[in-house]
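Here is a quick tour for anyone opening this model for the first time. Have the view ready to rotate, and follow along heading by heading.

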Amino acid sequence: MKSTTGKIALRAMLVAVAFVLAWLEAQVPTLIAVPGVKLGLTNLVVLIALYKLSWKDALVINVIRIVLVGFTFGSIFSLMYSLAGGLLSGIGMIVLKEVAHARLVTVSVVGALLHNLGQLIVAMIVLDTSSLFYYLVVLWIAGAVAGTVLGLICVPIVKSIKKIP
């Protein structure tokens, strides 16, 4: 796919897939009654973009997805939490992949942990309290499990896709 139009269309499709995954995840009742804990299905798209497109594409796709989902299904607060988590997670995953050459599952797990950290930092700022920091343990346990599961799901997907221009 050499045309600029084709590249734009592909990236738009990845944003659309991430948007649909966010919607699907919002429809599934929370399996654990712990605020802030979810699987993070949209991270599959970010990981695919990171490993098959470029780090710039992954970051842009992630930010566009966060803004679209925030304005469509959320509030200004959910947008703030998602942007903080998504940007911290995205930058961390990029550094791990591009600089440390970490494996995909490791990148996925660290991305989930950083996403939780970013959201918790925003919560502590919004609520003007550092007492929420204890909650990081709960979020990191859930994030490690979710990141591992998503990473393991993503490995065969990434292997099956040719390099995308």
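## A tyrosine pair

Tyr 135 counts as buried, because its relative accessibility is 17% and the cut-off for buried is under 20%. This is a predicted model, by the way. Next to Tyr 135 in the chain, Tyr 134 comes out at 60% relative accessibility, so Tyr 134 counts as exposed.

How are the rings of Tyr 134 and Tyr 135 arranged? Their centres are 6.3 Å apart and their planes sit at 65 degrees, so this pair is edge-to-face; the cut-off for that label is over 60 degrees. In general, a pair of aromatic rings is described by the distance of the centres and the angle of the planes.

## A phenylalanine pair

The count of aromatic pairs comes to two. Phe 19 and Phe 73 make a stacked pair, with 5.3 Å from centre to centre and 25 degrees between the planes. This pair ties together distant parts of the chain: Phe 19 belongs to helix α1 (residues 4–27), Phe 73 belongs to helix α3 (residues 55–73), and the two are 54 residues apart.

Are these rings buried or exposed? Phe 19 is partly exposed, at a relative accessible area of 23%. Phe 73 is partly exposed too, with 40% relative accessibility.

## Where α1 meets α3

Now take a look at the two helices that carry those phenylalanines. The axes of α1 and α3 come within 9 Å and cross at roughly 45 degrees. That angle is why α1 is described as oblique to α3. The crossing itself is right-handed.

Which residues make the contact? From α1 come Arg 11, Leu 14, Val 15, Ala 18, Phe 19, Ala 22 and Trp 23. On the α3 side, the contact is made by Asp 57, Ile 61, Ile 64, Arg 65, Leu 68, Val 69, Thr 72 and Phe 73. As for the pattern, an α-helix has 3.6 residues a turn, so residues three or four places apart point the same way.

## α2 and its neighbours

Helix α2 covers residues 43–52, and its axis comes within 7 Å of the axis of α3, with a crossing of roughly 155 degrees. The cut-off for roughly antiparallel is over 145 degrees, and α2 and α3 are therefore roughly antiparallel to each other. This crossing is right-handed as well. In α2, the residues Val 45, Val 46, Ala 49 and Leu 50 meet Trp 55, Ala 58, Ile 61 and Asn 62 of α3.

How many residues of α2 are buried? The tally is 10 of its 10 residues, so α2 is mostly covered because each falls under the 20% cut-off. Among them are Asn 43, Ile 48, Tyr 51 and Lys 52. The cover over these buried residues includes α1, α3, α4, α5 and α6. Tyr 51 also has a charged partner: Lys 97 lies over the face of its ring, at 5.2 Å from the ring centre.

## Two residues to pick out

Thr 42 sits in the loop between α1 and α2. This threonine is buried, with a relative accessible area of 8%. Leaving aside residues up to four places away in sequence, Thr 42 touches Ala 18, Leu 21, Ala 22 and Arg 65.

Lys 7 is found in helix α1 and counts as partly exposed, at 31% relative accessibility. Where does Lys 7 stand relative to Leu 53? The two are 46 residues apart in sequence, and their C-alpha atoms are 9.9 Å apart in space.

## Loops with a positive phi

His 101 has a positive phi of about 55 degrees, although it is not a glycine. You'll find His 101 in the loop between α4 (76–98) and α5 (104–126). With a relative accessible area of 63%, His 101 is exposed.

Asp 128 is another non-glycine residue with a positive phi, near 55 degrees. Look for Asp 128 in the loop between α5 and α6 (136–160). Asp 128 is exposed, at a relative accessible area of 69%.

Terms used. Residues numbered from 1 in each chain as written. Predicted model: local features only at pLDDT ≥ 70, side-chain atom pairs only at ≥ 80, totals over all residues. Heavy atoms only, no water. Phe/Tyr/Trp six-rings, centres within 6.5 Å; stacked < 30°, edge-to-face > 60°. Helix = DSSP H or I, 4+ residues; strand = E, 2+ residues; numbered from the N terminus. Buried < 20%, exposed > 50% of the residue type's maximum accessible area, 1.4 Å probe, protein only. Lys NZ or Arg CZ within 6 Å of the ring centre and 35° of its normal. Axes fitted to C-alpha atoms, helices over the stretch in contact; angles between N-to-C directions. Parallel < 35°, antiparallel > 145°, perpendicular 65-115°, else oblique. Left-handed = near helix turned anticlockwise from the far one by under 90°. Contact = heavy atoms within 4.5 Å.
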